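I opened a fresh notebook page for this structure. My plan is to look things up one at a time and write down what I find.

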Amino acid sequence: MTESRYIKAIAQALDEEMARDETVYIIGEDVGASGGAFGGTRGLLDKYGPLRVRDTPISEAAIMGLALGSAVKGLRPVVEIMFADFLPMCMDQIVNQIAKTRYMFGGQFHAPMVIRSPGGGGLNAGPQHSQSLEAWFAHVPGLKVVVPSTPYDAKGLLKSAIRDDDPVLFLENKALYAMKGDVPDGDYVLPIGKADIKRPGNDVTIVSLSRMVHQALAAAKILAERGIEAEVIDLRTVSPLDKETIFASVEKTSRLVVAHEAVKTAGIGAEISALVSEEMIDCLDGPVVRVGAPFAPVPFSLESDYLPGPADVVAAVEKVLAY
Amino acid sequence: MASKALLQEIYYSMLKVRRVEERLLDVFAEGAIPGFIHVSIGQEAVASGVCACLTPRDTIFTTHRGHGHTVAKGIDLKPFMAEIYGRADGSCGGRSGSMHVASKEAGVAGANGIVGAGMPISLGTAFASMFRGDDDVTVCFFGDGATNEGTFHESLNLAALWNLPVVFVCENNGWAQFTAQSTYMKIKQISDRAASYGMPGITVDGTDVLAVHKEADRAVKRARAGKGPTLLECNTQRWFGHYAGDPQKYRAEGEVEKAREIDPIARLETHLLAKKQANQAFFDATDERIRAEIDAAIAFAEGSPKADPSDILMDVYA
């Protein structure tokens, strides 16, 4: 076990998987000589050479299509898209091509590939470099969407994503890249589609993801001082959703808050709220309350006012408890 | 110069494409095929001339107007027809239909319903050849309209930069759906664009299968030898409009009739007769053989069950 930063844990996962499987390669803008805009591929060009670490022009659609074509032929590409806000540049390839390859062609072809891309605010990067877009992709059948919140989770989930036979969108979080945490040195994998209980509790369930998990944990600490024990669930994966873990927790607590950094409107919180109301309304002692950003682009100058934080989560829990 | 055997094979391929699509128009008009279809009648020399240069291991990508390329690449007509009928025994289990037919066995990595979307993917199968060090080639077919998509620019630049073993075949029938080339593009010759990517750009008469084959062969050999991509523009004619049933009101009077006077199959027949490389009996026997193959494929498709509704979630994920 070594203390490692989130971004370093990602680089480690890539290194270990490239060493394990020679069909794994990396492709993206500035992933080679520069080691990635955030350092996620640092050192890999020297170690694995230019055939397996491919620097590209700024051509996201070509990068994404190329990865797909090579995956169809049996390679396992790991694509880096520098900011999740750039994913719309290759949206056709992701949504109409990659996600549908297995289904549309009747299982003849499949696309075992990973798209790594960081989202989220907190760096004052402005409206076009700060979005949390996981709900867009969770709406597309055929994609898996992973949203790790810690260095340990990032490494174990990325290794699983690379070994997965379906396309995985691996949404990292820039504001977490410098976060430190314990990471095992050797090989381990974490299951895709399985949530993780980051803090157990009996009074209220808080479902969260990515950086918002840490805001939820901070909120749980404040609540604990008032004698309220919140259970914090880290989704880890937003597609497929781990309904089982969410439902089991709500059965125990009867109260649910869903907190994410993305805009509240039509976010993952809406999906979870609908699922719980459809399938376990009798268990609930109050409404499902969502925490999310206002329905506005991420403002450069007002970012800290815009992003939801622990106080918003606490307020949401109070609302549920007051019911 | 193509041999007699090769030219006879190309003749078979072109006539097969023609007869398959004529039959598709008939059964579509009878209501046997759901959705809609786009035929390439008049453009057969491109599909057959290019695919004659490829091996079964090579891969092609095609478009919404893709029956011709797929048939010329050698797909088994039975699962092909069953796919267009939307039946369980279709090459894609009835999931794709006319616009998305694919066959792993035949090296057809997919027709595509999104204009310009095949080009980026074709880079990847070509890159896989480079990665593995084999000499397989990828051919990407697209129309003139697709060359105004950003994917054309991104893909040709990257293919040239990395010397990828891919041939970009622009089937220029002069029409982007209902819009004429002269109204959406300043230049006349699309292959001129190749120069800006640092790759050869060639324009050929796409109704002359000998010319198409000659230039395609050069481009495929170049790609196979690791010398990089080519943009091959084949000027051709779309006889039947954008979709089956398109009244083509946007075309000038007499234009379609004039286009039909240049029949690529008749051109090849004239050549074969002049060179004494085939006679009328060969043409008739080939036609008969093809019609029998198509009859069998239609019977297979009609006899195949509809896909099972309980399989609707199958193959969304592994």
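My entries follow, one topic at a time.

**Entry 1: the model.** I note at the start that this is a predicted model.

**Entry 2: strand S10 of chain A.** I looked up residues 204-208, which form S10(A). Is this strand buried or exposed? Five of its five residues are buried, so the strand is largely enclosed by the rest of the structure. I then checked each face. On one side I found A:Val204, A:Ile206 and A:Ser208, and on the other A:Thr205 and A:Val207. All of them are buried, so to speak of S10(A) as covered on both faces fits its count of five out of five. The general rule I kept in mind is that side chains in a regular strand alternate between the two faces of the sheet.

**Entry 3: the partners of S10(A).** Which strands pair with S10(A)? I found S11(A), residues 230-234, paired in the parallel sense over five bridges. Within that pairing, A:Ile206 has A:Val232 as its bridge partner. I followed the chain from S10(A) to S11(A) and passed through helix H8(A), residues 212-225. This β-α-β crossover is right-handed. I also found S13(A), residues 256-263, which runs parallel to S10(A) and is joined to it by four bridges. There, A:Val207 stands opposite A:Val258.

**Entry 4: the core.** I looked up the largest nonpolar core and counted 189 residues. Which members touch the most others? They are A:Ile206, A:Val257 and B:Val169. Domain 1 (2-183) and domain 2 (196-322) of chain A both give residues to this core, so it lies between them. I listed contacts of A:Ile206 beyond four places in sequence; among them are A:Ala216, A:Ala219, A:Ala220, A:Val257 and A:Val313.

**Entry 5: chain A against chain B.** I found 34 residues of chain A in contact with 31 residues of chain B. On the chain A side, the elements giving two or more residues are H3(A) (60-72), H4(A) (91-98) and H5(A) (101-104). H3(A) gives the largest share, 10 residues. I sorted this side by type: 15 nonpolar, 14 polar and five charged.

**Entry 6: A:Gly43.** Where does A:Gly43 sit? I found it in the loop between strand S2 (24-28) and helix H2 (44-48) of chain A. It has 13 other C-beta atoms within 10 Å, so it is partly exposed. I also checked A:Gly32, 11 residues away along the chain. The C-alpha atoms of the two glycines are separated by 8.3 Å.

Note on methods. Residues are numbered from 1 along each chain as its sequence is written. Chains are lettered from A and ligands numbered from 1 in the order in which they are written. This is a predicted model: local features need pLDDT of at least 70, side-chain atom pairs count only at pLDDT 80 or more; totals for chains, interfaces and linings use all residues. A residue is buried if 20 or more other C-beta atoms lie within 10 Å of its own, exposed if 12 or fewer, and partly exposed in between; C-beta atoms are placed from the backbone. Two strands pair if DSSP finds at least two bridges between them. A crossover is right-handed if, with the strands pointing away from the viewer, the path from the first strand over the helix to the second runs clockwise. A nonpolar core is a set of buried Ala, Val, Leu, Ile, Met, Phe, Trp, Tyr and Cys residues joined through C-beta atoms within 7 Å. Domain bounds come from an automatic or database domain assignment. Two residues are in contact if their C-beta atoms, placed from the backbone, lie within 7 Å. Ala, Val, Leu, Ile, Met, Phe, Trp, Tyr, Cys and Pro count as nonpolar, Asp, Glu, Lys and Arg as charged, and the others, Gly among them, as polar.
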